[in-house]
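The questions below concern the fold and the aromatic contacts of one protein. Each is followed by a short piece of reasoning that leads to its answer.

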Amino acid sequence: MPNLVVVGAQWGDEGKGKVVDLLTERSDLVVRFAGGNNAGHTLEVEGRRLVLHLVPSGVLHPGKQFLLGDGMVIDPGALLEELDALAGAGLEVGPAVLRVSVRAHLVLPYHRALDELREGGASALGTTRRGIGPAYEDKAARRGIRAGDLLHPERLERRVAAALEEANLRLAARGSRALELEPILAGLRAQGARLAPHLDETSLAISRALAAGRSLLFEGAQGALLDLDHGTYPFVTSSTTVGSGAPLATRRVDGIIGVSKAYTTRVGEGPFPTELVGAAGEELRRRGREYGATTGRPRRCGWLDLPALRYAARVSGLTALALTKLDILAGLERIPVCEAYELDGARLPDGAFPADGEDLARVRPLYRELRGFDGSLAGARRIEELPGAVRDYLAMIEREVGLPIALVSTGAERQQTLIRPEHLS
Ligand code: IMP
């Protein structure tokens, strides 16, 4: 099995969980490399529905190892809650299975308080309110608290005290109450005692796995259009969501798979050229059951946006696409797809994706309509066996984005997936 990176090619929620779960079967070591508990995916364990935010999607596969990498921000309480929920469902995820980087940053109570406070104000971005942005801000300001600090009580106290002083100034400036140091430290001591056996030098685990010829899977979070550098700034998350975030010399990566729905969704604020408002948007949301896994918010829905997908392919360095939720479009007579944008009356050239959100919010999507297809996707075992109109839809995407489709998902079940292994690397 090749070394693969899987990232979102839209605004997150593309169905990466299912793709990663399937590819985990073929991998030895799974590494999540960025983001925190703003992400979310749902798992069925022994008939119980569990929503995981930090623990990687493939955790149900026995005999694999999972790493939470250097670039992540980890809320220690949230991680322990997930481990407890998994244990409650009969799945003990011990330190040998889940390793957590000593270099990952921690999300602390003052980060959540700051996120909440800002989201209540006029400049809300529609974040998940999990404290992700403020934790990455502290990291960039060089006052972040890292998971490795949990192993050194004296350093932890000193560093949290200094960071809290700053955070309390920011809270006070917005008229909010200061947080007290001692309860935060008490919480961290208890959490640290439980997490200590999981803490590790994860880059060493990665290079040892490579040297031993084991195969790696790097799991991205969110999607290219939410990337801090390349996304629809400022309506983005605060981390790297594109392929380059994977901590591995690029020559060791065999493929970067971008996951895209057969249509588009977005949660939170920000421009969304193909958004359907009113009844048409409601209808797509109802069909696709489009509600956020982390916050339960209804997702904004729209048609597939090829200029955005081409852009995502470019900035993520994609080598192939995985197309999910194709079944949701079954039964439509015609399927509109945005093939280009028009801005101020002129068609934008191929490859253009406006950098400024105010311009992107003003573009007019130019649609092409494709033949719809009926509900008979279930019988196909290979992509080549899908109905002609579906193959036309897939071929159009491959041609327009300039990438092969390596995987197609036609339903929630594992077996409702058609893979072309030759395009995975
Ligand atoms: P934050 O990551 O919570 O700071 O939120 C910033 C933006 O990213 C908001 O628009 C969120 O809705 C969006 N976002 C963060 N995580 C996810 C995700 O896993 N799926 C979809 N959108 C997300």
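Buried means under 20% relative accessible area, and exposed means over 50%. The model discussed here is predicted.

Q: Is Tyr341 buried or exposed?
A: The cut-off for a buried residue is a relative accessible area under 20%. Tyr341 has a relative accessibility of 1%, and therefore counts as buried.

Q: Which residues form one aromatic cluster with Tyr341?
A: Rings pair if their centres lie within 6.5 Å, and the count by this rule comes to three aromatic pairs. The rings of Trp11 and Phe272 have centres 5.3 Å apart and planes at 50°, so this pair is tilted. The rings of Tyr341 and Phe353 have their centres 6.3 Å apart and their planes at 40°, so that pair is tilted. The cluster that includes Tyr341 is completed by Phe353 and Tyr311.

Q: How many residues apart in sequence are the parts that Trp11 and Phe272 tie together?
A: Both Trp11 and Phe272 are buried. Trp11 lies in the loop between strand 1 (4-8) and helix 1 (16-24), whereas Phe272 lies in the loop between strand 12 (264-266) and helix 8 (279-288), so the parts tied together by the pair are 261 residues apart.

Q: What radius of gyration does the protein have?
A: The secondary structure comprises eleven helices and 20 strands, and buried residues make up 56% of the 425 residues. For 425 residues a compact globule would have a radius of gyration near 22 Å, and the protein agrees with this, because its own value is 22 Å.

Conventions:
Residues are numbered from 1 along each chain as its sequence is written. This is a predicted model: local features need pLDDT of at least 70, side-chain atom pairs count only at pLDDT 80 or more; totals for chains, interfaces and linings use all residues. Side-chain values use heavy atoms; hydrogens and water are left out. Helices (H or I, at least four residues) and strands (E, at least two) are DSSP runs, numbered from the N terminus. The radius of gyration is taken over C-alpha atoms; the globule rule is 2.2 Å times the number of residues to the power 0.38. Buried means under 20% relative accessible area, exposed over 50%, partly exposed in between (1.4 Å probe, protein chains only). Rings of Phe, Tyr and Trp (its six-membered ring) pair if their centres lie within 6.5 Å; planes under 30 degrees apart count as stacked, over 60 as edge-to-face and the rest as tilted.
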